[in-house]
Amino acid sequence: MLSRFKSALMNAVGASELGLQYPNDSDSDAVTDYINSNLTIEVETKPYSRPSFLGLTNDETQVSADHRVRPIIVPRDLSRLPWCAGYAECINAGKSTWNEDQATATRGDLKLPDSNTTLPYVLFSMFDGHAGYQVALSARLYLHRVILERLLAIPSSILLNEEEDSLIKGRDLVIGAIELAYRQMDQMVEQQAQNGGGGCTAISILFLNGRLYAAGAGDSRAILVLGESERALTRDHTPDSESNRVRALGYLKGSDLLKGHFTSLEFKKRPLQRDLGSMVLYREPYMIGWAYKILTHPDLRFPLISGHGKRSRVMGTIGVTRGFGDHGLKAVNTGVSIKPFLSSQPEVQSLNLEDYNLSERDCIIVATDGLWDVVSDKDAANILRKTLAPDSPSLEYRLTMGAQELVQAARGRLVGRVWRGKPENPDDNEESALPMASVDDISVMVVPLYPYLCEHRQWIKTTQQERRYSTDGSQMQPNDAV
Ligand code: MG
């Protein structure tokens, strides 16, 4: 069975049925059912599975979870993802039994309830689970339904409005719909999270009405690779990057939320018992500069935010500050609830794709921190450009090859008992000179932008023609009557 994974990409490249039809991911069939049925969404706890577009059997799912081999998995049928978008993943080196990352993709038409218009959409999401796989799995199965439900609730006259001088534009309401959907998703998994289902980060990429929306909550990341430039579309939400938001809440509601165990003040140097009564440098939330104060006993409490960068923690416990779940999470040693400091609110960026001179090789890379911990945005963009550059095999295959190359760069290879990456200097093969590779779950999507723009332009043309026909038709009617 392992041989399937060793040659997974070759099988994919050899697939002859790569067509112009893009069947939905089977997760998405349920989306359509839901939208048509108007039922209340209730989260059901489902058995563990990998993204349905991978098409893995139960046995293959077991093999994909081999922590010693860490096979890189790609879809067997590339056309199961819209525009044959690239996807590859591999499991962690043993930190959890299952790969706790998840991903999903869907495309369809929003049948706007108060007009005759159907508006095409394409939606991708990726989740990085922690402390259990359940919340990430539920997000994969339900988030798209919730987002679509919220989009359908927008009056079509406003949803389609892109007039720059309008007080409220369609994109403002789309962003609001995604924000509310994320909050609803977080509420939906509360019970699961309380029962040990953990939590997850979330990224969604939505193509709608000529625009791209990139929503992120947590430390998974999407970057835009346009020609020779690249830039982040989402911001990592860590205790370090969100220190001000988290500490401000602790500062305002300290007695309720910190229970006398933590301090929301930041000290230049961690204060010690022996410093009591002396002047120390500190700052309150939102201060950029520093101030002096006399050190008192409450200042010796554990800092609400400790450490820096990827090693920063809220209450010494969790290293990510936005996403879904973690409702039952308690700080180590103190049992103080952490959830009030975590947020499900995504930051959403919206781009009008007509503002960019897009070419076929312009893409978005969406990945969990298993990639970004060891591969910089710049290096990831370079790897992708290099993989997409040749003309053969065709670009549809190269998108998956790009995702596979990125996962490979982050996973590296097993040297002795340690996973290591490539040396900066190719001649340097000393084991100690090899950089550490990622031991986390790694998931990467490569989403091309150009096919959507082409489809959108075609949709505008068709819609305008239909309107013209219907207007002409209505003008013809009186003459016909004559
Ligand atoms: Mg991760």
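Colleague: Let's start with Glu 162: what is its relative accessibility, and does this count as buried, exposed or partly exposed?
Modeller: Happy to, and please keep in mind that this is a predicted model. Buried would need a value under 20% and exposed one over 50%. Glu 162 falls in between, so the residue counts as partly exposed, at 25%.

Colleague: Where in the fold does Glu 162 sit?
Modeller: Two helices frame its position, H6 with residues 156-159, and H7. H7 itself runs over 170-188. The place of Glu 162 is the loop between H6 and H7.

Colleague: Which side chain makes a polar contact with the side chain of Glu 162 at 2.7 Å?
Modeller: Leaving out residues up to four places away in sequence, Glu 162 touches Gly 170, Arg 171, Asn 209 and Arg 211. With the side chain of Arg 211 there is a polar contact at 3.4 Å. The one at 2.7 Å is with the side chain of Arg 171.

Colleague: How many residues apart along the chain are Glu 162 and Asn 209?
Modeller: The two residues touch. Their C-alpha atoms are separated by 9.3 Å, while along the chain the distance is 47 residues.

Colleague: Now to the metal: which residues coordinate the magnesium ion?
Modeller: The spacing of the donor residues in sequence reads D-x240-D-x70-D. Their OD atoms lie at 2.1 to 2.2 Å from the ion, and the residues are Asp 128, Asp 369 and Asp 440.

Colleague: How many residues apart in sequence are the parts tied together by Asp 369 and Asp 440?
Modeller: Both residues coordinate the magnesium ion. Asp 369 belongs to helix H11 (residues 369-372), whereas Asp 440 is in the loop between strand S19 (418-420) and strand S20 (442-448), so the pair joins parts whose separation in sequence is 71 residues.

Colleague: Is Asp 440 buried or exposed, and at what relative accessibility?
Modeller: The cut-off for buried is under 20% relative accessible area. Asp 369 is buried at 9%. Asp 440 counts as buried too, with a relative accessibility of 10%.

Colleague: What is the nearest side chain of opposite charge to Asp 441, and how far away is it?
Modeller: Asp 441 is in the loop between S19 and S20. A salt bridge needs the charged atoms within 4 Å. Asp 441 is buried but has no such bridge, as far as the model goes: the nearest side chain of opposite charge is Lys 95, at 5.0 Å.

Colleague: Which side chain makes a polar contact with the side chain of Asp 441?
Modeller: The residues that Asp 441 touches, beyond four places in sequence, include Cys 90, Trp 98, Thr 368 and Gly 370. Its side chain also reaches a backbone nitrogen, that of Glu 100, at 3.0 Å. The side-chain partner, at 2.7 Å, is Asn 92.

Colleague: Which element gives the most residues to the largest nonpolar core?
Modeller: The core has 41 residues, and among those that touch the most other members are Leu 110, Leu 151 and Phe 324. Strand S3 (118-130), helix H5 (134-152), helix H7 (170-188), strand S4 (199-208) and strand S5 (211-217) each give two or more residues to this core. The element that gives the most, with 12 residues, is H5.

Colleague: How many residues are in the other core?
Modeller: This core lies apart from the largest one. Its members include Leu 54, Trp 83, Phe 207 and Leu 449, and the count is 32 residues.

Colleague: Is the peptide bond from Ser 392 to Pro 393 cis or trans?
Modeller: Most peptide bonds are trans. Pro 393 is in the loop between helix H12 (377-388) and helix H13 (395-411). With omega near -10 degrees, the bond from Ser 392 to Pro 393 is cis.

Colleague: What is the relative accessible area of Arg 70?
Modeller: Arg 70 is not a glycine, yet has a positive phi of about 50 degrees. The residue lies in the loop between helix H4 (58-64) and strand S1 (86-90). Arg 70 is buried, and its relative accessible area is 0%.

Colleague: And is Lys 259 buried or exposed?
Modeller: Lys 259 also has a positive phi of about 50 degrees without being a glycine. Its loop runs between helix H10 (254-257) and strand S8 (262-263). At a relative accessible area of 54%, Lys 259 is exposed.

Methods
Residues are numbered from 1 along each chain as its sequence is written. This is a predicted model: local features need pLDDT of at least 70, side-chain atom pairs count only at pLDDT 80 or more; totals for chains, interfaces and linings use all residues. Side-chain values use heavy atoms; hydrogens and water are left out. Donors are N, O and S atoms within 2.8 Å of the metal (3.2 Å for Na, K and Ca); water is not among the atoms, so sites may look incomplete. Helices (H or I, at least four residues) and strands (E, at least two) are DSSP runs, numbered from the N terminus. Buried means under 20% relative accessible area, exposed over 50%, partly exposed in between (1.4 Å probe, protein chains only). Lys and Arg count as positive and Asp and Glu as negative; His and the chain ends are not counted. A polar contact is a pair of N or O atoms within 3.5 Å; within protein, one must be able to donate a hydrogen and the other to accept it, and residues adjacent in sequence count only if both atoms are side-chain atoms. Contact means heavy atoms within 4.5 Å. A nonpolar core is a set of buried Ala, Val, Leu, Ile, Met, Phe, Trp, Tyr and Cys residues joined through side-chain atoms within 4.5 Å.
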